[in-house]
Amino acid sequence: MEEVTGPGDGPANGRVEELPDQIPVLALRDLVFFPSMVLPLLVGRPRSTGALDQAAQAGNLILLVAQEDPEVEDPELEDLHRTGTLARIVQRSSLPDGTNRVVFEGLERIRVHRFLPGPGPFQAQGTPFPYPEPPPDHLPKVEALVRRVERDAREYAHLHPELPDGPEGEVPTPSDASGGTPQSFHHRVRALHRVVGHILVPAREKQEILEAETLETAAHRTLELLERELEILRIEERLGQEMSRQMDQERRHIYLQEQLRAIQKELGDEGGEWDDLEAQVEAAELPEPARKRADRELARLQKLNPASPESGVIRNYLDWIVSLPWQTITQDNTDVTHAAEVLEEAHHGLEEVKDRILDHIAVLSLVGELKGPVLCLVGPPGVGKTSLARSIARALERRFVRVSLGGIRDEAEIRGHRRTYVGSLPGRIVQGLRQAGSANPVFLLDEVDKVVKDGHGDPASALLEVLDPEQNSAFRDHYLELGVDLSRGLFIATANTLAGIPDALRDRMEVIRIPGYLDTEKQVIATRFLFPNQLTRHGLPADGFRLEEKTVEAVIEGYTREAGVRELDRSLARMARKLAREVAEKRRAPDQEAFLAPTALPGLLGPPRHRRDGGTQGEERVGIATGLAWTPVGGEALEVEVAVVPGSGSIQLTGTLGDVMKESAVAAFTFARARARMLGLRPTFHRDVDIHIHIPEGATPKDGPSAGITIAAALISALTGLATRPDVAMTGEITLRGRVLPVGGVREKAVAALRIGMRTVVLPTGNAREVETLPPEIRKRLDFRLVDRMDQALDEVFGPGVALPGTTGDREFPAGDRDFPSGPLDGGVSLSQ
């Protein structure tokens with residue numbers, strides 16, 4: 001340790017008689033050093049250490065200047081303030097890590113005129129910057145300001161818990177300075193600097209005080225900072241006192257509660273609260289395991305402190321036990337005729353679903369209790385799955401509970417949360433029982449295909465126990481930790497598609513598909529249900545306005561494109577709003593009965609948003625074929641377009657196609673190459689052309705094998721120049737040998753074909769059974785052609801009697817072409833058959 005000089009050994013009043021021309025500069029981070037301060041600092045930056053070495057050769061004088069940005073690790077000259085403090089190095093010692101511990105004594109303020117550039121330590125040229133002595137008439141005011149600062153500093157030191165030793169011991173008392181002599185003035189300057197140097201405020205605000213022109217300005221600014229900090233400290237002290245007083249009150253309350261319980265125990269009176277709980281447990285119709293558990297929890301509760309968190313958990317638990325309908329059963333109405341009337345009143349069509357529900361009610365009427373598979377209604381949005389479940393509950397006269405499973409990712413949502421923290425609850429199944437108030441409600445598990453599996457567990461696996469008739473008689477909720485009988489409830493699940501349902505869960509459900517409504521069914525639904533309901537909802541008489549048959553048909557064809565009726569309902573709601581506005585504006589009498597014609601639709605709904613024209617016609621159909629696809633929201637029609645241009649034999653597929661559909665396109669292309677001679681093409685035609693296959697609506701992803709024969713038909717049409725029939729739609733998977741394999745979603749695709757005005761649908765022979773189960777209206781309005789070979793499909797696509805070029809010999813083949821057989825490669829029928 002190197003002792004340089006002691007504090008106070010410098011010149012009187014902290015003034016240096018002769019200032020060096022070049023003063024070493026030490027940059028300070030987040031610190032402003034004031035004159036009259038004596039403070040140890042740790043110096044470790046190389047440039048700062050060099051400044052210390054230079055100061056040792058120049059009388060141990062150094063200029064301490066604060067950085068403008070304390071986050072700068074290696075500051076430059078432009079990063080330093082222009083006002084600092086000249087300090088004397090009192091003591092310097094080296095620490096084991098290479099850092100210097102230096103004690104500085106502030107002498108006077110220095111205003112920097114110029115920083116000297118150079119690669120080494122910073123140096124500066126400056127002049128002293130003392131406060132000017134105030135006029136005699138201002139001395140009392142300055143004296144009063146400084147004394148006020150001193151008083152506030154003492155209170156600040158008393159209130160601040162983190163303040164280092166300094167202001168309280170170093171601030172001079174008023175008796176140390178009296179009068180307005182110059183000695184008293186310099187003493188007050190030193191006192192002010194000591195105070196402001198130790199208060200804990202941002203360095204930016206301290207720098208403003210250091211740069212003040214007069215002592216009065218510096219004192220004013222210091223007093224403002226102290227008053228602000230004192231106000232904050234007083235609030236903190238008041239809050240601490242309030243918290244302490246509150247804790248004392250809580251401890252006193254707990255003590256008095258214990259005394260009261262002791263007195264009640266001596267008197268033989270445990271209080272009315274325990275009596276109420278015991279009465280609720282006793283009155284509840286609980287099974288034996290639940291009663292034993294409730295009695296045990298009640299005994300535990302009576303021994304606990306009422307203010308403890310566990311007491312609230314047990315109270316909530318007992319409330320759930322006594323509020324569940326353990327033995328409450330509603331009487332079923334098993335009249336099949338009544339059920340049929342309820343279903344027919346609320347729903348049009350859906351004969352297969354109604355038939356299955358009536359079968360269930362009929363068996364229930366005979367055996368009294370039926371444990372069977374869970375019904376799962378699968379269909380696109382808006383076909384009435386949820387409302388159908390409500391109608392089943394009305395038909396049976398049971399309570400109805402809807403549990404939405406869409407987006408559930410936590411297994412605890414099904415099984416409940418364990419009682420390990422305050423706020424835990426049973427799962428949604430037990431909550432539904434409590435909401436229903438009976439042990440045999442109709443449970444609707446909505447959107448079961450949208451359950452999510454992640455790190456919180458697998459909710460779909462938890463549903464296995466709920467939906468399994470062999471297990472759900474003792475379903476165990478994690479919160480209750482008791483067996484709950486779910487076998488008396490009727491569970492109905494809904495889904496848009498089976499793809500999102502795990503196989504094990506699907507195995508426990510009986511799937512009933514609802515493919516969507518036909519246009520004729522939508523017309524009946526709109527006339528009988530939707531439009532009267534919308535009129536009533538909008539304050540109009542249900543029989544005040546009537547829709548003509550052509551009007552409903554125009555709304556369905558021009559303003560909706562869906563399998564269900566939600567968009568249709570919204571369109572009718574918009575019409576009702578427009579009519580209500582006309583009545584409100586006195587343009588139409590509210591009791592005036594009116595028939596709405598199709599000509600009124602543009603004024604009510606605007607121009608039609610959809611057009612049904614069956615696609616392109618005539619010569620424009622060359623290279624185009626209409627296919628049918630299945631989607632989670634119903635069947636859709638799509639047109640496959642093929643263009644053949646001169647090229648080098650490449651094939652391009654566009655339209656956001658999936659891997660399976662791309663493979664179908666390649667298989668169709670290979671089939672066309674195998675039939676080249678029959679099509680009137682050179683066997684090597686593919687070497688001289690580029691083929692582009694595109695399916696419109698390119699932003700929509702498409703996949704699946706059912707577009708195979710559609711792609712093949714469009715490709716052959718483009719190669720031969722023959723136009724396809726505009727009223728024919730098709731679906732089927734194609735193989736390399738030209739076989740047509742069965743596909744799924746026949747009913748949805750048939751509804752889509754009707755929706756776009758098709759007359760003929762080409763299907764694989766393997767789908768004959770599905771065709772037989774289609775509604776009579778679909779079979780009557782569509783001509784289904786069953787094929788098992790692509791050659792037969794082409795006869796239907798190009799129309800009867802249309803001969804392909806290869807069968808009439810109107811194309812010549814160059815000499816030396818590869819000899820292909822004139823008939824089908826695998827012994828099938830020719831295209832002309």
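**Exercise 1. Is Glu-481 buried, partly exposed or exposed?**

Solution. The structure is a predicted model, in which local features need pLDDT of at least 70 and side-chain atom pairs count only at pLDDT 80 or more, whereas totals for chains, interfaces and linings use all residues. Residues are numbered from 1 along each chain as its sequence is written, and side-chain values use heavy atoms, with hydrogens and water left out. The classes are set by relative accessible area, where buried means under 20%, exposed over 50% and partly exposed in between (1.4 Å probe, protein chains only). Glu-481 has a relative accessible area of 29%, so Glu-481 is partly exposed. Its place is the loop between strand E11 (475-476) and strand E12 (483-484), where strands (E, at least two residues) and helices (H or I, at least four) are DSSP runs numbered from the N terminus. Although Glu-481 is not a glycine, its phi is positive, at about 55°.

**Exercise 2. Describe the loop between E10 and H15 through Glu-447 and Asp-458.**

Solution. Begin with Glu-447, which is found in the loop between E10 and H15 and has a positive phi of about 60° without being a glycine. Glu-447 counts as partly exposed because its relative accessibility is 23%. Next take Asp-458, which lies in the loop between strand E10 (442-446) and helix H15 (459-467); at 18% relative accessibility, Asp-458 counts as buried. The side chains of Asp-458 and Ser-461 are joined by a polar contact of 2.6 Å, a polar contact being a pair of N or O atoms within 3.5 Å (within protein, one must be able to donate a hydrogen and the other to accept it, and residues adjacent in sequence count only if both atoms are side-chain atoms). Leaving aside residues up to four places away in sequence, Asp-458 touches Glu-411 and Lys-453, where contact means heavy atoms within 4.5 Å.

**Exercise 3. Work out the strand order of the seven-stranded open sheet and place helix H22 on the sheet.**

Solution. The order is E19-E20-E18-E17-E21-E24-E25, with mixed pairing; two strands pair if DSSP finds at least two bridges between them. Strand E19 (651-654) and strand E25 (783-787) are the edge strands, each pairing on one side only. On average, neighbouring strands of this sheet are turned by 30° against each other, direction ignored. Helix H22 (residues 708-720) packs on the sheet and touches strand E17 (624-631), E18, E20, strand E21 (728-730) and strand E24 (760-764), while its direction makes about 30° with that of E18. Such axes are lines fitted to C-alpha atoms, for helices over the stretch in contact, and angles run from 0 to 180 degrees between N-to-C directions. Within the sheet, strand E18 (residues 634-646) and strand E20 (residues 689-694) pair in the antiparallel sense over six bridges, and the partner of Val-642 in E20 is Ile-693.

**Exercise 4. Trace the pairing of strand E7 with E6 and with E2.**

Solution. Strand E6 (residues 100-116) runs antiparallel to E7 and is joined to E7 by six bridges, and a hairpin of six residues connects E6 to E7. Strand E2 (residues 23-28) pairs with strand E7 (residues 123-128), also antiparallel, over two bridges. Ala-124 of E7 is the bridge partner of Phe-115 and likewise of Ile-23.
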